[in-house]
Amino acid sequence: MDAEAAKMLGAGLAAIGAGLAALGVGNVFAKFLEGALRNPGAADGQQGRLFIGFAAAELLGLLAFVVAVLLIFVA
């Protein structure tokens, strides 16, 4: 395998991480909505944790995207 093929393969694998981050964001919001519907009184207290979970999942997706771009254009 030459270096260009390995670079593109690594970028493709990093792009999978960006797709999985979308699943993570969906899970965060789904679990919050499930909990908020079960106990509406506690939903306001959990909203901060919702945004922290969203930010963490989105950060992992952005990092995977940055790794893919670095592999394609810089390495």
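**Group meeting talk: two helices side by side**

Let's start with one side chain: Phe29 is partly exposed, with 33% relative accessible area. Phe29 sits in helix H1, and I'll come back to it in a minute. Before that, please keep in mind that what you have in front of you is a predicted model.

Okay, the overall picture. How many helices and strands does the protein have? Two helices and zero strands. The C-alpha atoms fill a box of roughly 60 × 15 × 10 Å along the principal axes. You can see that in the radius of gyration too: a compact globule of 75 residues would come out near 11 Å, but this protein has 17 Å.

Now the helices one by one. H1 covers residues 3–38. That's 36 residues, and from the first C-alpha to the last H1 reaches 53 Å, close to the 52 Å expected at 1.5 Å a residue. H2 runs over residues 43–73, so to speak the other half of our story, with 31 residues and a reach of 44 Å, close to an expected 45 Å.

So what do the buried residues of H1 pack against? They pack against H2. And turning it round, the buried residues of H2 pack against H1. On the H1 side, the buried ones are Lys7, Ala11, Ala14, Ala21, Val25 and Ala36. On the H2 side we have Ala43, Leu50, Ala57, Gly61, Ala64 and Ala68. Across the whole protein, buried residues make up 16% of the 75.

The contacts are worth a look as well. Take those between residues with a separation of 6 or more: 76% of them join residues 24 or more positions apart.

Back to Phe29, as promised. Which residues does Phe29 touch, if we skip those up to four places away in sequence? Leu50 and Phe54. Leu50 is one of the buried residues of H2. Phe54 belongs to H2 as well, and Phe54 counts as partly exposed because its relative accessible area is 30%, in between the limits of 20% and 50%. Along the chain, Phe29 and Phe54 are 25 residues apart, yet their C-alpha atoms are separated by 7.8 Å.

Looking from the Phe54 end, and again leaving out neighbours within four places, the contacts are Val25, Val28 and Phe29. Val25 is on the list of buried H1 residues. There's one further distance for Phe54: Asn27 is 27 residues away in sequence, and C-alpha to C-alpha the two are 9.4 Å apart.

Next stop, Lys7, up in H1. Is Lys7 buried or exposed? Buried, because its relative accessibility is 17%, and the cut-off for buried is under 20%. As for its partners beyond four places in sequence, Lys7 is in contact with Leu71, Ile72 and Ala75.

Last, the surface and the charges. The protein exposes about 5300 Å², and carbon and sulfur atoms supply 74% of that. There are 4 positive and 5 negative charges, and the mean positions of the two sets are 11 Å apart.

If you take one thing away, take the pairing: buried residues of H1 against H2, and buried residues of H2 against H1. Thanks, that's my bit.

Notes. Residues are numbered from 1 along each chain as its sequence is written. This is a predicted model: local features need pLDDT of at least 70, side-chain atom pairs count only at pLDDT 80 or more; totals for chains, interfaces and linings use all residues. Side-chain values use heavy atoms; hydrogens and water are left out. Helices (H or I, at least four residues) and strands (E, at least two) are DSSP runs, numbered from the N terminus. Buried means under 20% relative accessible area, exposed over 50%, partly exposed in between (1.4 Å probe, protein chains only). Contact means heavy atoms within 4.5 Å. The expected span of a helix is 1.5 Å times one less than its number of residues. The radius of gyration is taken over C-alpha atoms; the globule rule is 2.2 Å times the number of residues to the power 0.38. Accessible areas come from the Shrake-Rupley method with a 1.4 Å probe; for residues, only the protein chains shown count as cover. Lys and Arg count as positive and Asp and Glu as negative; His and the chain ends are not counted. The place of a charge is taken as NZ of Lys, CZ of Arg, CG of Asp or CD of Glu.
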